[in-house]
Amino acid sequence: MRKLFFAALVTSGVFSEAQIVRKYSNEFLNIGAGARGLAMGGAVISNQNDVYSPMWNPAGLIGVDRDWQGAAMHAEYFESIAKYDYIAYAKPLDNKGGVFAISIVRLGVDNILNTTQLIDPEGNIDYDKITSFSQSDYAALLSYAFHPGGNQKIDVGVNAKLVYRNVGKFASGYGFGFDLGAVYHSDNGWNYGAVMKDITTTVNFWTINQKELSAVVNGEEFNPAPKDKMELTMPKLNLGMSRNFEINRDLELMPEAGINVDFAKTAAVISTDFASITPYAGAELKFQDMIFVRVGLNRFQTITDIENLKRKVSFQPSAGIGIKYHGLTLDYAITNSGIGGSNFYSNFFSLKLDMGDFRN
C-alpha cells in the first residue's frame with residue numbers, strides 16, 4: 001500500500017490535467033548528490049569543488065585540477081520503498097581547457113502493484129491479472145566548467161541535461177534543459193556562488209499509453225488517460241556565500257548560508273505569486289583534512305498543525321560525517337525526508353575517488 005501511495009505522489013503530475021507549467025517538475029534533480037552536500041543541507045553552492053558539483057553548482061567542477069575523479073552514491077527513502085543512485089566521472093581537459101564531467105542519476109520505485117486489470121469488463125475480480133511495474137526517473141548530465149578569460153577569481157559552469165521518465169507501460173517522457181552556475185572568489189576569502197537551474201526551462205514530452213492505463217467495467221471507463229502533452233520545468237535560483245576559517249593548525253570551519261528561489265508560489269516561508277524564497281545554512285568542521293563533521297538546515301516552509309490547526313514553520317535538519325584517506329573519501333549523511341518533525345529519516349552513503357591525490 002505504501003508503494004502505491006508513494007507512486008501516486010511521484011506520478012500525480014503525469015496523469016493530472018493541470019497546466020503544462022508545474023511547480024514541482026523533475027524534482028528528483030533537486031535532491032542533490034554526495035553525502036557531504038546533503039549533510040550540510042545543500043549549503044555547498046559556493047564551496048563544492050569536486051565531481052559532485054554538477055548536482056549543486058557546475059562551476060565547482062573547476063576544483064578537479066589533476067588526473068580524474070569518480071563518484072558513486074546510493075540512498076533509500078521511506079523504508080527502502082524508493083531508491084536513489086548517482087554515478088559520475090570528471091576530468092580536466094588538456095591545455096587548461098576547463099573540466100568535463102558526466103553524471104547519471106536514477107530515482108525509482110520498483111515492484112508497484114498494477115491493479116488496473118483486476119476487475120474484468122463484467123465486474124468479476126481476477127487476482128491473476130495483478131502484475132507489477134516500476135516508476136523510474138533518469139537523467140544524464142554533461143557538464144563543463146572553466147575560468148572565463150583566464151580569470152582565476154571566477155569559475156563558470158554549465159550542465160546540459162537529458163531526462164527520461166518512465167511509469168511502467170503507462171507513460172514515458174523525455175526532456176532536455178540547461179543549468180548555469182558561477183562562483184566568485186573574493187580577495188578577503190569569501191566565496192559567492194550562484195546557480196540557475198533549468199535556465200531556459202526544461203521541456204518534457206510525455207506519451208501516455210491509453211490502452212494500458214484505461215479499464216472498462218460494466219461499460220464504464222475507469223482511469224481515463226489524458227492526452228499526450230508537454231511539461232515545462234521552471235527555473236530555480238540558488239545563491240550562497242561561504243568562507244573557510246582556520247581555527248588552529250588542525251581544525252578548519254567552513255560555513256555557508258544562502259537562499260533558494262522558486263519562481264512559483266509554494267509553501268516556502270516567503271512566498272508570492274512571482275517567487276518563493278527559502279533560506280538554508282550549513283557548516284563543515286574539518287580535522288587535518290581527514291575527518292569531517294557536518295550539519296545543515298534547509299526546506300523552511302509553513303505548514304498547518306493537524307492537532308490545533310495553527311500555522312507553523314517546519315524545516316529539514318541534516319547531519320553527517322566523512323573520512324578521507326589519500327584519494328579515497330567516504331561520506332555519510334542522515335536527513336529528515338518528511339516535514340513537521342516526522343520520523344522519515346533517510347541515510348545516504350557516497351564514495352569519491354580522486355586519482356590526483358591517490359597517486360601522490
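# Exercises on pockets, a surface patch and salt bridges

The lining of the second largest pocket draws at least two residues from each of strand 7 (171-185), strand 15 (251-262), strand 17 (276-287), strand 18 (291-304), strand 20 (328-336) and strand 21 (345-354). The model used in these exercises is predicted.

**Exercise 1.** Describe the second largest pocket by its volume, by the residues closest to its centre and by the character of its lining.

*Solution.* Begin with the volume, which is about 860 Å³. Of the 36 residues that line this pocket, those closest to its centre are Arg36, Asn47, Asn49, Lys286 and Lys352. Next, sort the lining by residue class, which gives 15 charged, 13 polar and eight nonpolar residues. Finally, ask which strand contributes the most to the lining: this is strand 15, with three residues.

**Exercise 2.** Find how many cavities of 30 Å³ or more the structure holds, and work out what lines the second largest cavity.

*Solution.* A search of the whole structure returns two such cavities. The second largest cavity contains about 40 Å³ of space, and its lining consists of Leu29, Pro54, Met55, Leu141, Asn159, Lys161, Asp179 and Lys197. Sorting this lining by class gives four nonpolar residues, one polar residue and three charged residues.

**Exercise 3.** Locate the nonpolar surface patch and state which strand supplies the largest share of the patch.

*Solution.* The patch covers about 570 Å² and is built from Ile87, Tyr89, Leu93, Phe100, Ile102, Ile104 and Leu142. Strand 3 (82-92) and strand 4 (99-114) each supply at least two of its residues, and the largest share, three residues, belongs to strand 4. Take Ile102, a residue of strand 4, as an example: its relative accessibility is 33%, so Ile102 counts as partly exposed.

**Exercise 4.** Decide whether Glu27 and Lys236 are buried or exposed, and explain what their salt bridge joins.

*Solution.* In general, side chains of opposite charge can pair when their charged atoms come close. The salt bridge between the side chains of Glu27 and Lys236 has an N to O distance of 3.4 Å. Because Glu27 lies in the loop between strand 1 (21-22) and helix 2 whereas Lys236 lies in strand 13 (residues 236-243), the pair ties together parts that are 209 residues apart in sequence. For burial, the cut-off is under 20% relative accessible area; Lys236, at 10%, therefore counts as buried, while Glu27, at 28%, is partly exposed. By the rule used here, the structure has a count of 16 salt bridges.

**Exercise 5.** Apply the burial cut-off to the salt bridge between Asp110 and Arg106.

*Solution.* The closest N and O atoms of this pair are 3.0 Å apart. Arg106 has a relative accessible area of 18% and is therefore buried, whereas Asp110, at 24%, is partly exposed.

**Exercise 6.** Examine the backbone and the side-chain contact of Asp289.

*Solution.* First, place Asp289 in the loop between strand 17 and strand 18. Its phi is positive, at about 50°, although Asp289 is not a glycine. Its side chain meets that of Lys286 in a salt bridge, with 4.0 Å from N to O. Elsewhere among the salt bridges, shared partners join Arg36, Glu284, Arg294 and Asp331 into one network. Lys286 is buried, with a relative accessible area of 19%, and Asp289, at 39%, counts as partly exposed. As a parallel case, Asp67 has a positive phi near 50° and is found in the loop between helix 2 (35-39) and strand 2 (69-77); its relative accessible area of 27% makes Asp67 partly exposed.

Definitions and conventions:
Residues numbered from 1 in each chain as written. Predicted model: local features only at pLDDT ≥ 70, side-chain atom pairs only at ≥ 80, totals over all residues. Heavy atoms only, no water. 1 Å grid on protein atoms, 1.4 Å probe; cavity = no way out; pocket = protein on both sides within 12 Å on 5 of 7 lines; lining within 4 Å. Points joined across faces, edges and corners; volume = space filled by probe spheres on them. Helix = DSSP H or I, 4+ residues; strand = E, 2+ residues; numbered from the N terminus. Nonpolar A, V, L, I, M, F, W, Y, C, P; charged D, E, K, R; others polar. Buried < 20%, exposed > 50% of the residue type's maximum accessible area, 1.4 Å probe, protein only. Patch = residues over 30% accessible without salt bridge, like charges linked within 9 Å, V, L, I, M, F, W, Y side chains within 5 Å. Areas by Shrake-Rupley, 256 points an atom, 1.4 Å probe, with all protein chains shown as cover.
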